[in-house]
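I opened a fresh page for this one and kept my notes brief. Here is what I looked up, in the order I got to it.

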Amino acid sequence: MATRRVEIAGTTYGFDHGAQYFTIRDPEFRHALLPVMGAIGVWADGAGEPSFVGQPGMSSLPKALADGLDIHQGVEITALRRAGSAWHLESGSGPILARHLVMTMPAPQASRLLGLDHPLSPSLDSLGIAPCLTLMAAFPGELPRPFIHLSSETEPLAWIAQDSSKPGRHAGLTRWVAQASPDWSAAHLDELPENLAVRMLPLLAAAIGAEPDTAVYAAAHRWRYARVATPLGEPYLRADDSTLWLGGDWCLGARVEAAWQSGTALAQSLARHLHAA
Ligand SMILES: Cc1cc2nc3c(=O)[nH]c(=O)nc-3n(C[C@H](O)[C@H](O)[C@H](O)COP(=O)(O)OP(=O)(O)OC[C@H]3O[C@@H](n4cnc5c(N)ncnc54)[C@H](O)[C@@H]3O)c2cc1C
């Protein structure tokens, strides 16, 4: 649930360059969201089932859910190992010691940190996770709106959405987010983001009926691990030594709601473990 903030001609605009919207089907998910409904809006996108979004950006929802928690953002864990009964983590801001470890990054990244010889690594590596190259582009004023969002099974751009049509967004520029298909993304994965933006902008412009050179902003983002094709089918993994849990959307499905279900089941397991200890 990512929102990229960009300054264009002195004004800050947001682009939801990750998840576009989310569903609320699980009654427990609905219940968990009740305290943060102020950070959620319904996107009037014409779909039958309500499409929920964070507002003013998708990242507003996780921010609201995390309010009051002691979270250190922007700290990459670069290595980990067992040190007696503790976990020793290496990070850019120094070592961290922990008795329990929960890993919720994409499965291949978790496997890399655990090491190929870890008993859980084969399960993590067996999940194929497709990349997604994403374009963010802005055009001046109110463009004719050919659609709010459009999906395609055959075009290089598999999803195009008028991001600025979501509720609570800054008015002024018409902003679009376009996601390349898994095949197109895999074929162009290692190109520089600047080159990708040049390559993707004309595809977007053609789809929305605009001239590419009228765009006032265009940038690409590379999601290397975007969509799990076949999820694990269990809400989380727990190592035999019982101090390590792994979860994330790759467990139940590549959707915000499935990520929440995984995290919640994982947290309940951890709480039971701590209670019993
Ligand atoms: C392009 C795209 C479009 C999508 N569209 C939709 C949609 O429309 N609707 C929908 O429901 N879902 C959508 N999804 C899926 C949805 O975004 C995910 O299912 C959900 O966000 C996954 O949450 P998560 O917590 O499992 O993982 P993530 O949100 O991927 O969180 C993993 C976190 O781990 C961090 N991390 C990784 N490695 C390390 C490390 N070494 N040290 C520290 N931190 C680390 C990452 O920075 C990241 O913050 C989309 C995803 C993508 C990529």
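I began with Glu257 and asked whether it is buried or exposed. Glu257 turns out to be buried, at a relative accessible area of 1%; buried here means under 20% relative accessible area, exposed over 50% and partly exposed in between, with a 1.4 Å probe and protein chains only. I found Glu257 in helix 8, residues 256–276. For helices and strands I rely on DSSP runs numbered from the N terminus, with H or I over at least four residues for a helix and E over at least two for a strand.

Next I listed what Glu257 touches, taking contact as heavy atoms within 4.5 Å. Leaving out residues up to four places away in sequence, I noted Thr23, Ile24, Arg25, Asp26 and Phe29.

A note on the source: this is a predicted model, in which local features need pLDDT of at least 70 and side-chain atom pairs count only at pLDDT 80 or more, while totals for chains, interfaces and linings use all residues. Residues are numbered from 1 along each chain as its sequence is written, and side-chain values use heavy atoms, with hydrogens and water left out.

**Trp250 and helix 3**

I moved on to Trp250, which sits in helix 7 (residues 249–252). Trp250 is buried, its relative accessible area being 1%. Which residues does Trp250 contact, apart from neighbours within four places in sequence? I wrote down Met105, Pro106, Ala107, Leu124, Leu127, Ile129, Val228, Pro231, Leu232 and Leu237. I also checked Trp250 against Met58: they are 192 residues apart along the chain, and their C-alpha atoms are separated by 20 Å.

Ala107 led me to helix 3 (residues 107–114), which is mostly covered, with six of its eight residues buried. The buried ones are Ala107, Pro108, Ala110, Ser111, Leu113 and Leu114. Gly115, just after helix 3, has a positive phi of about 100 degrees.

**Backbone oddments**

I looked at the loop between strand 1 (4–8) and strand 2 (11–15), where Ala9 lies. Ala9 has phi near 50 degrees, a positive value in a residue other than glycine. Ala9 is exposed, at 81% relative accessibility.

Then I went to the loop between strand 4 (51–54) and helix 2 (60–65), which holds Pro56. The Gln55 to Pro56 peptide bond is cis, with omega near 10 degrees.

**Cysteines**

How many disulfides does a search of the whole structure find? I got zero, counting a pair of cysteine sulfur atoms within 2.5 Å as a disulfide. I noted that Cys132 is buried at 6% relative accessibility, and that Cys251 is buried at 0%.

**The whole chain**

I finished with the chain, which has eight helices and 15 strands. Its radius of gyration is 20 Å, close to the 19 Å of the globule rule for 277 residues, so the chain is as compact as a globular protein of that length. That radius is taken over C-alpha atoms, and the rule is 2.2 Å times the number of residues to the power 0.38. Along the principal axes, the C-alpha atoms fill a box of roughly 60 × 40 × 35 Å.

I saw that 44% of the 277 residues count as buried. Of the contacts with a separation of 6 or more, 61% are between residues 24 or more positions apart.
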